Amino acid sequence: MLRSSVALTILVSLFPLTALLFLGIEATGTDWGALLTDETWRDSFVTTLYVVSVSTMLSLVFGTWLARTVVKQRWRFTSTILKIPMFVPHIAAAYLFWLLFSGANGFGGIEANERDYVTVILTYIWKEIPFVFLMMLGTYEQLNRGYVETAKTLQLSPYAQFKHAEFPFLIKPLLDSTWILVAFISFAYEVPALLGVTYPKLLGVLAYERLSTGLYLEATAPYAVALIWTCLVGFGVFVSYLMTASLRRRIERGVRR
Amino acid sequence: MIRQGFILCLTLLPFISLFFIAPSMGIENNEAIVHTVGLTIILSGINVWLATTFAWWLLWTESRWKHVLEWLVFLPLFIPMLATLFGLYLILAEVGLIGTYVGVMLALLVVTIPYSIRLAYNGMAVIGRPLLEQARLLPMSRRVVYVLYPLFSRTMRTIALFSTVILLSQFALIQLIGAGLIPTVTTELYQSYAGNNRSLALSNTWMLILFPVVIYFLLSGWNRWMVRMLKGRLQ
Amino acid sequence: MKKWRVLFATFMLTFVAACGNEQAVEFSDSFEAAAESANGSTVNLYMWGGDEGINSYIDDYVAPRLEKSYDVELNRVAMDTAEFIRQLSLDKKADRQVGTIDVVWINGDNFRNAKEAGLLRNGLTERVPNATLLNETAQQSDAGTPTEDLELAWGNVQFILHYDAAKVDNPPKSFEELRRWTEDNPGRFTYPEVTDFTGNAFVRHLLYERYGDELNQNVTIEDSFWDDLKTWSPNLWKEGQTYPKTLEQLDQLYASGDVWMTMGFNERRAEGEVVNGIFPKETRALLLDHSIASTHFLAVPFNAPNPDGALVLIQELLSPEAQLVKQGPEYWGDGTSLDLTKLDANDQNAFEELGDGVTYPNSEQLLERSIPDYGPNVIDTVREEWPRVAK
């Protein structure tokens with residue numbers, strides 16, 4: 001019983017990898033040179049990098065800070081409320097922000113559909129902070145206060161306290177959340193489609209549109225772009241986990257004991 | 001206190017939009033609602049089952065494949081959704097599952113299972129091996145009913161909720177794999193976002209937001225009732 | 001161990017079993033035979049679903065009639081045209097001979113793509129009796145692409161702008177005046193992105209103003225045209241920093257009063273919106289120098305699972321009664337694709353008695369200024385070169 005469901009899970013997990021294989025087949029025959037010099041793709045790539053890095057960074061920082069504060073200060077109620085946005089579907093969140101920042105309702109001088117993608121970033125931050133918060137909350141709740149106490153007794157500066165007594169335990173959940181967010185935000189469609197601009201579009205929107213509009217029906221470029229991006233993310237995942245592997249292993253052992 | 005208030009305000013601020021205009025009442029597509037409820041129940045059930053069993057297996061296995069498999073089930077999280085979608089279509093078309101409930105289910109399972117396994121595994125890690133080790137002494141059915149279920153009920157609720165939210169976020173996937181034949185609340189309502197009737201779009205937003213809330217309360221109530229019943233039986 | 005082997009084997013078996021390619025379902029020989037074989041079946045009609053009026057025309061008027069006259073159940077599936085074309089092309093790639101889609105609503109470049117990719121069935125004219133009533137000019141070509149019997153004309157409309165007379169005192173009379181009007185009223189006009197059907201058509205109207213018919217022979221658009229179009233930008237909605245993605249988004253801006261004009265194919269399209277209180281009460285038609293006439297069509301995909309049901313549905317949709325109700329103000333207001341001179345006197349009268357709505361343009365003027373559409377090559381070129389205007 002257990003084995004069969006484990007096997008089933010593995011089969012299901014193999015699907016996306018097979019799908020990538022199909023994607024690779026579709027992408028053959030792409031004119032890679034033309035793709036790299038195409039200004040529309042390039043501008044979109046740069047904007048995507050910007051949106052992804054800003055929203056991921058801010059979500060990580062705020063999410064971690066909130067988890068830390070909530071655990072330290074025992075804010076039970078706040079902790080509950082903070083999780084709410086996670087249970088709002090992305091489409092609905094995008095529409096809420098669109099209503100908040102568009103037209104006559106323009107809020108605080110920020111407008112939807114402008115080239116700095118501020119509202120897109122805000123939506124993502126609002127949606128992803130709770131996600132990071134939840135990932136970090138567990139870690140902070142289990143965090144051995146002994147290390148922090150030791151650091152305090154040693155009269156380290158608050159920054160050094162954080163660096164030596166807390167940060168090493170956060171590496172794993174931080175890495176996990178970072179790459180999940182990067183992969184998710186970089187190729188999502190709904191949010192930037194509703195809150196973005198005509199030019200430059202984010203990669204996900206551009207790829208989806210090029211696949212569906214007439215001129216590009218048979219084009220292989222969107223497949224190729226999806227594949228390149230997946231490889232980039234995969235490479236980042238691989239390198240970052242490899243670099244922190246020994247550190248993480250040491251800590252895991254320490255925690256288990 | 002002030003800090004807390006500020007954080008709460010920022011978190012809840014976007015919900016103001018819900019009250020800008022009066023939502024239009026009377027969108028009732030029963031078929032879509034039935035489909036959504038059906039998919040939610042099946043998807044959550046399968047997710048809870050597969051994720052907890054897999055996490056349980058991961059926790060105890062001595063297999064040398066452990067790390068490879070751990071990565072394998074984790075990997076899909078890093079592959080952009082749109083990238084998997086077109087490949088999935090080609091695979092499922094080959095098998096003849098396009099436009100069927102099973103095909104949609106399978107595709108949804110692919111995108112939800114990595115998250116569920118993560119949640120389940122973390123949930124078990126929090127409880128820790130020592131406590132669970134004792135449970136292993138009990139026979140299977142008693143183990144599940146009296147120890148594992150009460151311990152994991154919160155994690156299970158989270159998994160079910162997560163699956164629901166991911167399900168409700170899928171427009172492109174359900175539309176493409178379901179060939180439009182399996183309308184859900186999301187696909188029905190997505191059209192209204194693109195449409196020109198704001199109050200219709202708003203009432204749809206209400207629906208998308210309330211759906212997980214209802215699920216949450218139902219599951220919490222169910223959990224509480226179950227745990228109380230089990231406790232009663234133990235006494 | 002044993003159990004999961006069994007499971008694995010069953011899983012693989014289902015794969016293998018399902019992989020056997022099915023044979024495509026063919027049309028019956030005559031319409032009568034088709035109607036008989038379609039009896040009791042379900043037919044899936046895939047169409048863009050963004051308009052309530054159109055949807056309820058299909059659900060509330062056509063579906064019950066089809067059920068009654070042929071005992072065929074109609075299942076309307078709302079999907080963007082480009083999306084189901086993509087789905088069909090994926091089906092083609094996967095060699096899926098029995099698909100899900102029976103009838104599609106299609107035209108323009110989507111038709112061109114579907115035709116080139118071999119996604120549609122031919123031989124509709126001889127199988128659908130009502131096809132003899134069709135307006136022959138409309139039936140012949142779809143925005144420059146010969147239809148070659150792959151689709152049948154369903155409706156016939158023209159491009160028109162609408163404005164809010166409560167806000168616009170002196171509406172422009174030509175495209176040049178419209179440009180000057182935007183200078184006087186900055187931020188009150190915009191058009192959808194050219195990936196949108198309507199947005200692309202708007203730019204084609206400007207092209208016609210400069211090039212006339214010439215462009216059909218030689219599709220080269222000078223840089224100066226795009227530079228001129230770029231001069232519109234500072235005075236458009238959001239200073240031309242972004243454009244509505246779709247016509248529906250433009251309509252939404254118009255409905256909320258952010259912009260004062262909207263546009264679209266179908267000269268009667270605003271009537272229902274005004275009646276339902278979505279568009280401003282004072283909405284009026286705005287006919288400029290010329291207006292592209294456009295026909296939209298019905299087609300049957302290569303892998304339709306119920307092709308006979310498809311024939312029955314098309315026959316019903318092209319009947320004079322269904323076309324009359326379609327053109328009327330009650331649901332949709334879509335112009336008929338039938339040649340009125342081919343109808344009997346009663347039906348002709350009924351069409352003439354439909355009358356005018358307040359948001360309709362003057363029908364004689366509209367006909368006078370009607371121009372045929374450019375071919376799909378121009379649509380593609382606009383799509384490819386326009387992004388520099390949005391930059």
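A residue is taken here as buried if 20 or more other C-beta atoms lie within 10 Å of its own, the C-beta atoms being placed from the backbone. By this criterion, 50% of the 391 residues of chain C count as buried in the structure, which is a predicted model. The secondary structure of chain C comprises 17 helices and ten strands, and its C-alpha trace extends over about 75 × 65 × 45 Å along the principal axes. The radius of gyration of chain C is 23 Å, close to the value of 21 Å that the globule rule gives for 391 residues, so chain C is as compact as a globular protein of that length. When contacts in chain C between residues at least 6 apart in sequence are considered, 83% of them join residues at least 24 apart.

Within chain C, helix α12, which covers residues 307–317, has eleven of its eleven residues buried, so this helix is largely enclosed by the rest of the structure. The buried residues of α12(C) include the nonpolar C:P307, C:A310, C:L311, C:V312, C:L313, C:I314 and C:L317, but also C:D308 and C:E316, which belong to the charged class, together with C:G309 and C:Q315, which are classed as polar.

Chain B, by comparison of composition, contains ten helices and zero strands, and from the N terminus on its elements accordingly run α-α-α-α-α-α-α-α-α-α. Its C-alpha atoms fill a box of roughly 60 × 55 × 35 Å along the principal axes, and buried residues make up 48% of the 235 residues in the chain. Of the contacts in chain B between residues at least 6 apart in sequence, 80% join residues at least 24 apart.

Inside chain B, helices α2(B) and α7(B) pack with their axes 9 Å apart and at an angle of about 130°, which makes α2(B) oblique to α7(B). The crossing of these two helices is right-handed. On the α2(B) side, the residues that meet α7(B) are B:L39, B:T40, B:L43, B:S44, B:N47, B:V48, B:A51 and B:T52, while α7(B) contributes B:F152, B:M156, B:I159, B:A160, B:S163, B:T164 and B:L167. By class, the contact of α2(B) with α7(B) has nine nonpolar, six polar and no charged residues.

Between chains, 50 residues of chain B are in contact with 54 residues of chain A. The elements of chain B that give two or more residues to its side of this interface are α1, α2, α3, α4, α5, α7, α9 and α10, of which α4(B) gives the most, with nine residues. The residues on the side of chain B that touches chain A divide into 40 nonpolar, ten polar and no charged.

One of the helix pairs that link the two chains is formed by α1(A), spanning residues 2–27, and α5(B), whose axes come within 9 Å and cross at roughly 105°, so that α1(A) is roughly perpendicular to α5(B). In this pair, A:T9, A:V12, A:S13, A:F15 and A:P16 of α1(A) meet B:L109, B:V110 and B:I113 of α5(B). The residues of the contact of α1(A) with α5(B) divide into six nonpolar, two polar and no charged.

Definitions and conventions: Residues are numbered from 1 along each chain as its sequence is written. Chains are lettered from A and ligands numbered from 1 in the order in which they are written. This is a predicted model: local features need pLDDT of at least 70, side-chain atom pairs count only at pLDDT 80 or more; totals for chains, interfaces and linings use all residues. Two residues are in contact if their C-beta atoms, placed from the backbone, lie within 7 Å. Helices (H or I, at least four residues) and strands (E, at least two) are DSSP runs, numbered from the N terminus. Axes are lines fitted to C-alpha atoms, for helices over the stretch in contact, and angles run from 0 to 180 degrees between N-to-C directions. Angles under 35 degrees count as roughly parallel, over 145 as roughly antiparallel, 65 to 115 as roughly perpendicular and the rest as oblique. A crossing is left-handed if the near helix is turned anticlockwise from the far one by less than a right angle, and right-handed if clockwise. The radius of gyration is taken over C-alpha atoms; the globule rule is 2.2 Å times the number of residues to the power 0.38. A residue is buried if 20 or more other C-beta atoms lie within 10 Å of its own, exposed if 12 or fewer, and partly exposed in between; C-beta atoms are placed from the backbone.
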